[in-house]
Amino acid sequence: MAGVESTLAHLLSQVDETLKAQQAEATAHTLETNELLVKRCAESEAKRVTLEAALAAATKRADDAEDASRRTMRDLIAARARADAAEQRAAHLEALLAKASDAIGQVERGAIRTVDEASAHAILEVSHVPDLGTERIRTLLSHFGDVARLELRHDPALPSGYRVALVEYTDVPTAMIAAERLHGMQLGESSLRVVRRPTLAAAAVGRGSAA
């Protein structure tokens with residue numbers, strides 16, 4: 001009986017040692033697995049952060065590129081509008097020059113025979129001119145070409161503070177361009193009005209005295 005108990009005790013001892021060894025092995029494996037999982041989680045988190053940063057940078061570059069594209073498109077549209085406006089102005093000036101050339105041709109062919117007739121279209125009557133003083137008005141009118149003569153007159157029909165400028169340019173083409181550009185020009189609160197006259201005397205008819 002004592003031998004059986006001894007054998008049983010020995011077997012139980014072996015089983016207990018085996019269980020302990022298996023538990024220790026399982027614990028070590030679990031710890032190793034946990035460490036591996038923690039390491040992989042950390043690596044995954046680092047990759048996620050890197051990917052998010054790369055995505056944010058790519059999104060910013062795309063937004064910047066889109067903004068630049070929009071600015072470029074706006075600049076192109078504005079440049080095209082300026083080019084169209086310049087083409088229109090050039091066409092308008094070409095038409096004026098063509099008219100002026102035709103007038104000069106008529107003079108050269110003798111269609112306009114006298115000195116007064118030849119210079120008729122070089123005289124302009126500019127009304128509703130603010131009283132800025134002779135020199136400042138001459139400077140304004142000289143912007144379009146050389147001014148041969150200038151007279152400022154009062155006109156009872158105009159409000160106080162406004163004059164009529166009787167201006168003679170040195171040539172017909174200059175007068176034509178000046179008339180085209182001055183008529184309707186907004187000068188302060190006044191809109192200029194231009195009439196072409198055959199002579200200064202004719203322009204002065206119905207006007208007041210000289211300034």
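Q: Is Arg153 buried or exposed in this predicted model?
A: The relative accessible area of Arg153 is 16%. Residues under 20% count as buried. Arg153 is therefore buried.

Q: With which residue does Arg153 form a salt bridge?
A: The closest N and O atoms of the pair are 3.0 Å apart. The partner has a relative accessible area of 27%, and is partly exposed. This partner is Glu151.

Q: Which residues are joined into one network by salt bridges that share partners?
A: In general, side chains of opposite charge can pair when their charged atoms come close. In this structure, salt bridges with shared partners make one network of Glu45, Arg48 and Glu52.

Q: How many residues apart are Asp64 and Lys60, whose side chains meet in a salt bridge?
A: The N to O distance in this salt bridge is 3.0 Å. An α-helix has 3.6 residues a turn, so residues three or four places apart point the same way. Asp64 and Lys60 both lie in helix α1 (residues 2–108), and their separation is about one turn, that is, four residues.

Q: Which residue forms a salt bridge with Arg163?
A: The closest N and O atoms of this pair are 3.2 Å apart. The pair links distant parts of the chain, with Arg163 in strand β3 and the partner in the loop between β1 and α3, 32 residues away. Arg163 counts as buried at 12% relative accessibility, whereas the partner counts as partly exposed at 40%. The partner is Asp131.

Q: Which element gives the most residues to the largest nonpolar core?
A: In soluble globular proteins, nonpolar side chains tend to be buried together. The largest nonpolar core here has 20 residues. At least two residues of this core come from each of β1 (123–130), α3 (134–142), β2 (147–153), β3 (162–169) and α4 (172–182). With four residues, the element that gives the most is α4.

Q: How many of the eleven residues of α4 are buried?
A: The buried residues of α4 include Val172, Met176 and Leu182. Leu182 is also among the core members that touch the most other members. The helix α4 is mostly covered, and its number of buried residues is eight.

Q: Which residue with a positive phi follows α4?
A: The phi of this residue is near 85 degrees. The residue that follows α4 is Gly184.

Methods:
Residues numbered from 1 in each chain as written. Predicted model: local features only at pLDDT ≥ 70, side-chain atom pairs only at ≥ 80, totals over all residues. Heavy atoms only, no water. Core = buried A, V, L, I, M, F, W, Y, C linked by side-chain atoms within 4.5 Å. Buried < 20%, exposed > 50% of the residue type's maximum accessible area, 1.4 Å probe, protein only. Salt bridge = Lys/Arg side-chain N within 4 Å of Asp/Glu carboxyl O.
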